[in-house]
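User: I am new to this structure and would like a close look at one part of it, the part where charged side chains pair up. Please take me through it step by step, and then place it within the rest of the chain.

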Amino acid sequence: MSFNDIFKSSFLENINSVSVLDMVIALALAFGLGLFIFLVYQKTFSGVMYSSSFGVALVALTMITTLVILAVTSNVVLSLGMVGALSIVRFRTAIKEPMDIVFLFWSIAVGIVLAAGLIPLAVLGSVSVGAVLLIFVNKKSYVNPYILVLQCGNRDSELQAISYLDSCVQRCAVKSKTVQKSGIELNLEVRLKQNDTGFLNVLTEMEGIHSAVLVSYNGDYMG
């Protein structure tokens, strides 16, 4: 086939460009690996609100990417047209969780690799990425930052509380301080030495300490 014949190919000539067996195998593998990505997303989700629709979108995105790349690899003319068509697509939905971007890119990458026929790479790569995410994302550590909201009655109780915190936590830093006639409110970032929050009980028993609230903090939300 010459270069001119490629551009003169008709619609009917492209029907058998991809065999039915290849399509079934590729889409079945895309569904299986997309489902695996969905399950990893469920196990590693640590955001504010879980969205099941996003998980389903990961499966669909894997299959859609496979479908598109199968078509592109079977016809040069179609690949050129696809580049122009996809260049006008714009996504306006803001992605707040950094890990969501990882899963989106993972789904697209798996779809591309599967459609290219690199099945071992797609399977082994997905298993490796999933194992890394399960190990590191689900790893809980007591050195993660916490926000301590402390209600103090006066300056003396504030100094006493901070002095005690310096001795029982790994790090203590004042993030904000509100002074009113009724008392002092402190927001402190603390990192625990051990996975033990018993120091809160000691704080609340100190004279002049009205309340102590400890919340987890990851930079985006508190919970």
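Analyst: In this predicted model, a suitable starting point is Arg171, which is partly exposed, with a relative accessible area of 38%. The side chain of Arg171 meets that of Glu189 in a salt bridge, with 3.2 Å from N to O. Because Glu189 lies in strand β3 and Arg171 in strand β2 (residues 169-180), this pair ties together parts that are 18 residues apart in sequence. Glu189 itself counts as buried, since its relative accessibility is 9% and the limit for buried is under 20%.

Glu189 has further partners. Its side chain also meets that of Lys175 in a salt bridge, at 3.1 Å from N to O, and this pair again links distant parts of the chain, with Glu189 in strand β3 and Lys175 in strand β2, 14 residues apart. Lys175, at 52% relative accessibility, counts as exposed. Glu189 forms a salt bridge with Arg191 as well, the closest N and O atoms being 3.3 Å apart, and Arg191 counts as partly exposed at 27% relative accessibility. Through shared partners, these salt bridges join Arg171, Lys175, Glu189 and Arg191 into one network. As a general point, side chains of opposite charge can pair when their charged atoms come close. The structure as a whole holds five salt bridges.

Strand β3, which carries Glu189, also leads towards the interior. Seven bridges join strand β1 to β3 (residues 183-192), and the two run antiparallel; in this pairing Leu148 stands opposite Leu188 of β3. Strand β1 is likewise joined by seven bridges to strand β4 (residues 209-216), again antiparallel, and here Gln151 stands opposite Ser211 in β4. Five of the seven residues of β1 (residues 146-152) are buried, so this strand is largely enclosed by the rest of the structure.

The strands also take part in the largest nonpolar core, which has 19 residues, and in which Leu148, Leu150, Leu186, Leu188, Phe199 and Leu203 touch the most other members. The elements that give two or more residues to this core are β1, α7 (155-168), β3, α8 (199-205) and β4, and the largest share, five residues, comes from β3. Leaving aside residues up to four places away in sequence, Leu150 touches a set of residues that includes Ala161, Ile184, Leu186, Leu188, Leu203 and Ile209. Apart from this core lies another, of 13 residues, among them Ala30, Ile37, Tyr41 and Ala122. In soluble globular proteins, nonpolar side chains tend to be buried together.

Some nonpolar side chains are found at the surface instead: Leu21, Ile25, Ile119, Val123 and Val127 make a nonpolar patch of about 380 Å². The elements that give two or more residues to it are α2 (20-44) and α6 (119-137), and α6 gives the most, with three residues. Ile119, which lies in helix α6, counts as partly exposed because its relative accessibility is 31%.

To place these parts in the whole, the protein chain comes to eight helices and four strands, which from the N terminus run α-α-α-α-α-α-β-α-β-β-α-β. Buried residues make up 27% of its 223 residues, and of the contacts between residues at least 6 apart in sequence, 71% join residues at least 24 apart. The chain exposes about 14,200 Å², of which carbon and sulfur atoms supply 64%.

How values were computed:
Residues are numbered from 1 along each chain as its sequence is written. This is a predicted model: local features need pLDDT of at least 70, side-chain atom pairs count only at pLDDT 80 or more; totals for chains, interfaces and linings use all residues. Side-chain values use heavy atoms; hydrogens and water are left out. Buried means under 20% relative accessible area, exposed over 50%, partly exposed in between (1.4 Å probe, protein chains only). Contact means heavy atoms within 4.5 Å. Accessible areas come from the Shrake-Rupley method with a 1.4 Å probe; for residues, only the protein chains shown count as cover. Two strands pair if DSSP finds at least two bridges between them. Patches are made of residues with over 30% relative accessible area and no salt bridge: like charges are joined within 9 Å, nonpolar side chains (Val, Leu, Ile, Met, Phe, Trp, Tyr) within 5 Å. A salt bridge is a side-chain nitrogen of Lys or Arg within 4 Å of a carboxyl oxygen of Asp or Glu. A nonpolar core is a set of buried Ala, Val, Leu, Ile, Met, Phe, Trp, Tyr and Cys residues joined through side-chain atoms within 4.5 Å.
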